[in-house]
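I am opening this notebook to keep track of what I look up in the structure, entry by entry. I begin with the fold of one chain and then move to single residues.

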There are 2 protein chains.
Amino acid sequence: MSEFTNVTVVKKANVYFDGNVSSRTIRFADGSSKTLGFMLPGEYTFNTGAAEIMEIMAGDLDVLLPGSEQWQTVTGGESFDVPANAQFTVKIRTATDYCCSFLS
Amino acid sequence: MSEFTNVTVVKKANVYFDGNVSSRTIRFADGSSKTLGFMLPGEYTFNTGAAEIMEIMAGDLDVLLPGSEQWQTVTGGESFDVPANAQFTVKIRTATDYCCSFLS
C-alpha cells in the first residue's frame, strides 16, 4: 500500500549518525509499529531489539546480515529480514528510503 | 502535541537536494496536511504553493524570508511563517527536524 491510514505519527524524528539516518515512528491500532526512514550515503551499523523487516522503497545499498560473511546488494523494491537482538551493517550507495516493520 | 493521531501517512519520502532534505506527508481528517521533514547542513531554497508555518522542532538555521534582506536565526522551539507563492532560503547549521503546516 502506498499510504498508512488511521495511524499515529510521532512528531519528532529519530536521529542517528549526525542525522545521516533519520526516521519517523508510525503506530498502528493493533499495537504494532513501523518506522519510515531515510539514509544518506555512508556505512551504518544498527542493533535490533525486535526482529525487523526492512523494506527498501528506493535506493541502493549493501547489507551485511548477522551470521553472514557476505555482503548482499539490495535495491529499491527489495526487502531483507533481520532477527531480534542482532546487529547488521548497511553501506548506503544512493540515498535510501525505507520502511522498517517491527515484529513482536 | 507530541504526536498526530488518526492520520494518513504517505509511505514514500519527499526527497530534495540529493536527499539532504527529506520529508513525509501527513494528511488529516479535515483535509489539511503537514510534512514532517529533516534537513542536513547546507543552503536550500524552496518555493511555496500554499502559505506555510515552519515549526523548527530541533536544529539551528538562518532563514531569508521573502521581502526581507536580513537573515534571521531560528532554533529548535521556534517557528516562522512563509506566504503563498513565495521563495525562501535556509542555511542549516545543525541537522534540523521540522514540521511544516500548509494553510489553505
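Before reading off a strand pattern I fix the terms: helices (H or I, at least four residues) and strands (E, at least two) are taken as DSSP runs and numbered from the N terminus. I also note at the outset that this is a predicted model.

**Entry 1: chain A as a whole**

I looked up the order of elements in chain A and found that, read along the sequence, it follows the pattern β-β-β-β-β-β-β-β-β. The count for chain A is accordingly nine strands and zero helices.

I then asked what radius of gyration chain A has beside that of a compact globule. For 104 residues a compact globule would have a value near 13 Å, and chain A has 13 Å, so the two agree. The C-alpha trace of chain A spans about 40 × 25 × 25 Å along its principal axes.

For the surface, I noted an accessible area of about 5,100 Å² for chain A, 47% of which belongs to carbon and sulfur atoms. Of the 104 residues in chain A, 44% count as buried. Among the contacts in chain A with a separation of 6 or more, 59% are made by residues 24 or more positions apart. I also looked up the charges: chain A has 7 positive and 12 negative ones, and their mean positions are 11 Å apart.

**Entry 2: the nonpolar cores**

Which residues have the most contacts inside the largest nonpolar core? They are A:Phe80, A:Val90, B:Phe80 and B:Val90, in a core of 40 residues. A second, separate core has 16 residues, and A:Val7, A:Val9, A:Cys99 and B:Met57 are included in it.

I followed A:Val90 further and listed its contacts, leaving aside neighbours within four places in sequence: A:Val90 is in contact with A:Phe80, and also with A:Met39, A:Gly42, A:Glu43, A:Tyr44, A:Phe46, A:Leu61, A:Asp62, A:Val63 and A:Trp71.

**Entry 3: A:Ser23**

Is A:Ser23, which lies in strand β3 (residues 21-27) of chain A, buried or exposed? Its relative accessible area is 3%, and because buried means under 20%, A:Ser23 is buried. Beyond its neighbours within four places in sequence, A:Ser23 is in contact with A:Ala13, A:Asn14, A:Tyr16, A:Thr35, A:Leu36, A:Gly37 and A:Tyr98.

**Entry 4: the loop between β2 and β3**

I turned to backbone angles, keeping in mind that most residues other than glycine have a negative phi. A:Phe17 is not a glycine, yet its phi is positive at about 50°. A:Phe17 lies in the loop between β2 (14-16) and β3 of chain A, where it counts as partly exposed at 35% relative accessibility.

A:Asp18 is placed in the loop between β2 and β3 of chain A as well, and its phi, near 55°, is again a positive value in a residue other than glycine. With a relative accessible area of 71%, A:Asp18 is exposed.

In chain B, I looked up B:Asp18, which has its place in the loop between β2 (14-16) and β3 (21-27). B:Asp18 is exposed, with a relative accessible area of 70%. Which residues does B:Asp18 touch, not counting those up to four places away in sequence? It touches A:Leu40 and A:Ala95. I also recorded that B:Asp18 and B:Leu65, 47 residues apart in sequence, are 23 Å apart in space, C-alpha to C-alpha.

**Entry 5: B:Leu65**

B:Leu65 lies in the loop between β6 (51-64) and β7 of chain B, and at 15% relative accessibility it counts as buried. Not counting residues up to four places away in sequence, B:Leu65 touches B:Gln72, B:Phe80, B:Asp81, B:Val82 and B:Phe88. B:Leu65 and B:Gln87 are 22 residues apart in sequence, while their C-alpha atoms are 7.4 Å apart in space.

**Entry 6: B:Gly77**

My last entry concerns B:Gly77, found in the loop between β7 (72-75) and β8 (79-82) of chain B. Since exposed means over 50% relative accessible area, B:Gly77 counts as exposed at 68%. Leaving aside neighbours within four places in sequence, B:Gly77 is in contact with B:Ile56 and B:Met57. B:Gly77 and B:Met57 are 20 residues apart in sequence and 5.4 Å apart in space, C-alpha to C-alpha; B:Met57 is also one of the residues I noted in the second core.

How values were computed:
Residues numbered from 1 in each chain as written. Chains lettered and ligands numbered in written order. Predicted model: local features only at pLDDT ≥ 70, side-chain atom pairs only at ≥ 80, totals over all residues. Heavy atoms only, no water. Buried < 20%, exposed > 50% of the residue type's maximum accessible area, 1.4 Å probe, protein only. Contact = heavy atoms within 4.5 Å. Rg over C-alpha atoms; globule rule 2.2 N^0.38 Å. Areas by Shrake-Rupley, 256 points an atom, 1.4 Å probe, with all protein chains shown as cover. Lys, Arg positive; Asp, Glu negative; His and termini not counted. Charge placed at Lys NZ, Arg CZ, Asp CG, Glu CD. Core = buried A, V, L, I, M, F, W, Y, C linked by side-chain atoms within 4.5 Å.
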